[in-house]
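Open your viewer and get ready to click along with me. We will begin with the whole protein and then visit a handful of places one by one.

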Amino acid sequence: MKKPFFSIGIIFKNEIRCLERCLKSLQPLRDAVPCEVVMADTGSGDGSRDVAERYADVLFDFPWIDDFAAARNAVMDRCSGQWYISVDADEWLVEGVKELKEFSQTKRLPRDFAGYHIRNFQAVGELVEDNYVDFVAVRLARLSTGVRYEGCIHEGWKDPKGGLMQVMTLTETWFYHDGYTYVDQAAETTKRDRNLALLHRKLAENPEHLQTLMEYTDCVKRSDKEEAVKSVMRAMDGVRKKWIGWSRFGAVVFRNAVSVAALHKLPELEEWADQAVELFPNSSYTRIDVAYYAFSRCWENEDYFRALYWGEKYLQGMSDHKAGRFESSESMWGVLENTAPFWERKALVLMPEAYLQCGEPEKAYSAFPNIKGEELEDPKQIELCTLVLIRLQRTTAMDVTPLASAFWDQISQPKPDAVIAEAKRKILLDTAAPSFTVKYRREEEGRDDFVRHGCTVFSGLKDQCELGLAAAILETVDCAELTDLLRRVEKWDEIPIAAVEHALLAGVLFPLPEQPLKIEEMDSLSARMAREDGPLINLAVQTADGEFESNWQSITWARGLVLAAVKSCNWSDEEQSMQLCRTFAKVERAFLPRYYAQEVLNKENIRSLPPLHRFGWYCAEAFQKLETQDATAFAGFLRKGLETCPQMKAMVEFLTKHTPQLQAAKATGELLALAERVRTMLTAYPADDPAVVMLKQSPVYQRVASLIEGPKSASVSLMGSVTQ
């Protein structure tokens with residue numbers, strides 16, 4: 001075997017979940033460069049050793065003695081390569097073979113240590129591609145220096161020559177790590193308890209060691225609030241007193257303090273954040289992590305001016321970090337916690353709203369395009385973006401429509417698939433829908449900052465969705481143009497009903513002659529117009545006053561409108577309500593003969609109709625009798641209709657109370673004599689006698705009921721069939 005250039009050292013214990021993934025990822029490097037893999041098993045019992053045997057060049061047992069440095073040094077003692085690479089079992093190589101190969105071929109490497117990038121995924125229980133922290137780990141050492149690991153936990157090397165370690169950074173070499181994405185709570189607790197015991201031992205040896213204090217804080221910050229606060233307070237005090245390493249670790253210490261304050265809702269967060277800016281203004285830990293945590297706290301507290309200050313600082317820090325404008329050595333002293341797209345995306349989404357809250361719509365307008373809709377997964381982020389677009393449209397004269405169209409195109413991209421894209425579009429549509437209602441638009445008009453209706457921002461989507469068509473319709477007054485826009489509607493259940501109302505009130509002939517609708521579509525549209533402050537009654541009357549009997553579509557549409565109007569009417573406006581009742585009778589008189597065979601529409605066969613159509617027939621007959629001044633027959637037909645369809649009680653009550661012909665009859669001599677005869681007949685029988693019931697339902701009794709029972713008798717007798 002050719003003498004290895006790299007000795008790859010791995011210690012492991014019960015890593016069956018990930019060990020083979022790690023070892024397989026190293027195979028391309030082993031194929032490109034002479035390597036040996038030296039592995040120490042510190043006590044596996046889950047089959048990990050069987051996996052290691054298939055890949056390792058050297059495999060040995062090392063009984064665990066609570067000392068990571070001892071285990072790693074035992075591995076290094078068995079290595080024969082020129083350079084040592086330390087790899088953990090829960091890591092895997094994803095890039096960098098080319099760079100490592102060039103590294104092995106370089107004759108004079110200027111330094112004895114090198115680092116590469118590690119990406120730690122943060123999502124619990126799963127690997128989420130855009131929730132991670134990156135850092136540079138010093139993992140390569142020239143073995144001829146005699147370097148040794150130090151530290152029972154979070155072990156590391158020191159330069160044998162003394163002084164600060166001089167490190168080369170491999171920019172293209174990346175390992176991924178998912179060891180913090182625990183599958184279960186028990187595994188996390190076991191690992192934390194082990195680490196805490198080792199950290200306590202390390203702190204006992206050197207209580208003023210800032211790096212160990214930082215590691216201790218990281219270990220306890222989620223599980224023990226009191227200990228976490230105590231450790232960050234001590235570390236910050238050490239930085240102020242300039243303990244050894246304060247200049248290297250100070251910014252990380254203050255970042256940790258702010259991170260703990262964010263996690264446990266401590267009021268000191270902003271105070272500590274301001275101190276970090278004062279002491280370490282140029283550090284990435286201040287400009288990115290501290291700024292992000294402070295931004296989030298200010299946002300939660302609705303302190304939008306301070307949120308803008310911190311948000312701008314964070315985004316500028318991110319821009320500089322991505323462009324490489326930062327001190328690269330910082331990445332070796334700790335991880336940056338908020339550089340992942342997951343966090344940057346949150347800030348980008350919130351910033352336009354913060355600008356609006358602070359009265360800076362121009363900056364909100366400029367900031368919105370920084371949002372990448374295709375990357376959004378949180379429904380609340382899509383909701384907020386939609387509301388920002390509506391508000392920008394309502395409060396400014398800027399051309400916001402292109403922003404809305406671009407955002408729609410972005411969320412419509414099939415990332416990761418078309419189902420997700422459809423779900424995103426639905427969130428936007430559901431969020432935007434209330435802005436189309438009459439109530440919402442009236443409230444907009446009452447605002448001091450009102451410029452135009454916010455829903456019109458979606459007019460650029462008229463070729464994309466029904467909501468876009470609705471926005472365009474609401475901006476249009478020309479009847480021909482409105483008709484053309486309505487022709488494009490494909491999903492009538494998705495068109496905001498305010499747009500349909502707007503077109504109808506403008507005089508559009510509906511349904512469109514060349515676009516027939518199903519009866520259930522007409523009924524659905526009519527029902528959606530049924531609201532207390534809506535134009536439904538006026539539209540029903542307007543339609544019935546036109547040539548609605550000219551074709552089947554028109555008559556069916558008129559019938560849907562008037563039925564919805566009757567069902568939703570509160571009967572408080574006497575004139576309008578009476579007009580509605582007459583319109584209902586008129587439409588039913590025209591509709592029923594077209595819908596049913598003529599032989600069904602008579603007294604003998606009318607019971608074969610559904611209750612509502614039966615009532616419609618009786619109502620139409622009643623108004624025909626009223627036109628001939630036959631109030632008795634009018635009342636009789638209404639009573640029959642009510643018996644067959646009790647849900648129309650409110651309409652019958654209204655007609656009984658407000659039809660003049662049903663009010664108290666004039667007491668002529670003839671009527672008084674008739675009333676006296678009826679009264680005599682009533683007294684001859686008990687009140688519950690069937691003969692009395694039949695008499696009170698007769699036309700004769702209806703003529704004189706008010707003289708016997710008082711002015712309200714007509715109403716009482718009409719409603720009797722319902723109340724008995």
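In this predicted model, residues 24 or more positions apart make up 69% of the contacts with a separation of 6 or more. Keep the whole chain on screen for a moment and colour it by secondary structure: there are 32 helices and 10 strands. Now rotate the protein along its principal axes, where the C-alpha atoms fill a box of roughly 130 × 60 × 55 Å. For 724 residues, a compact globule would have a radius of gyration near 27 Å, yet this protein has 41 Å.

Switch on the surface next. About 34,500 Å² of the protein is accessible, and 50% of that area belongs to carbon and sulfur atoms. Of the 724 residues, 52% count as buried. If you colour by charge, you will be looking at 87 positive and 108 negative charges, whose mean positions are 1 Å apart.

**Stop 1: two distant residues**

Select K640, which sits in helix α27 (residues 631-644). Is K640 buried or exposed? It counts as partly exposed, because its relative accessibility is 38%. Now add S247 to your selection and draw a distance between the two C-alpha atoms: K640 and S247 are 393 residues apart along the chain and separated by 95 Å.

**Stop 2: helix α12**

Select residues 304-322 to see helix α12, which has 19 residues. From its first C-alpha to its last, α12 reaches 26 Å, close to the 27 Å expected at 1.5 Å a residue. Show the side chains of its buried residues, among them Y304, W310, Y314 and M318. Which helices do the buried residues of α12 pack against? Add α10 (269-279), α11 (284-300) and α13 (341-357) to the view, and you have them. After α12 comes G324, whose phi is positive, near 80°.

**Stop 3: helix α23**

Move on to residues 536-545, which form helix α23. This helix is mostly covered, with 7 of its 10 residues buried. The buried residues are L536, I537, L539, A540, V541, T543 and A544. To see what they pack against, show α21 (497-505), α22 (519-528), α24 (552-568) and α25 (574-595).

**Stop 4: two cis peptide bonds**

Zoom in on K415 and P416, which are joined by a cis peptide bond with omega about 0°. P416 belongs to the loop between α16 (401-411) and α17 (418-432). Then jump to F510 and P511: the peptide bond from F510 to P511 is also cis, with omega near -5°. You will find P511 in the loop between α21 and α22, and those helices were on screen at the previous stop, where the buried residues of α23 pack against them.

**Stop 5: two positive phi values**

Select H154, in the loop between β8 (149-150) and β9 (156-157). What is the phi of H154? It is positive, about 50°, although H154 is not a glycine. H154 counts as partly exposed because its relative accessibility is 38%.

Finish at K265, in the loop between α9 (246-263) and α10. Phi of K265 is near 55°, a positive value in a residue other than glycine. K265 has a relative accessible area of 55%, so it is exposed: the cut-off for that is over 50%. While you are here, look along the chain to α10, one of the helices that the buried residues of α12 pack against.

Conventions
Residues are numbered from 1 along each chain as its sequence is written. This is a predicted model: local features need pLDDT of at least 70, side-chain atom pairs count only at pLDDT 80 or more; totals for chains, interfaces and linings use all residues. Side-chain values use heavy atoms; hydrogens and water are left out. Helices (H or I, at least four residues) and strands (E, at least two) are DSSP runs, numbered from the N terminus. The radius of gyration is taken over C-alpha atoms; the globule rule is 2.2 Å times the number of residues to the power 0.38. Buried means under 20% relative accessible area, exposed over 50%, partly exposed in between (1.4 Å probe, protein chains only). Contact means heavy atoms within 4.5 Å. Accessible areas come from the Shrake-Rupley method with a 1.4 Å probe; for residues, only the protein chains shown count as cover. Lys and Arg count as positive and Asp and Glu as negative; His and the chain ends are not counted. The place of a charge is taken as NZ of Lys, CZ of Arg, CG of Asp or CD of Glu. The expected span of a helix is 1.5 Å times one less than its number of residues.
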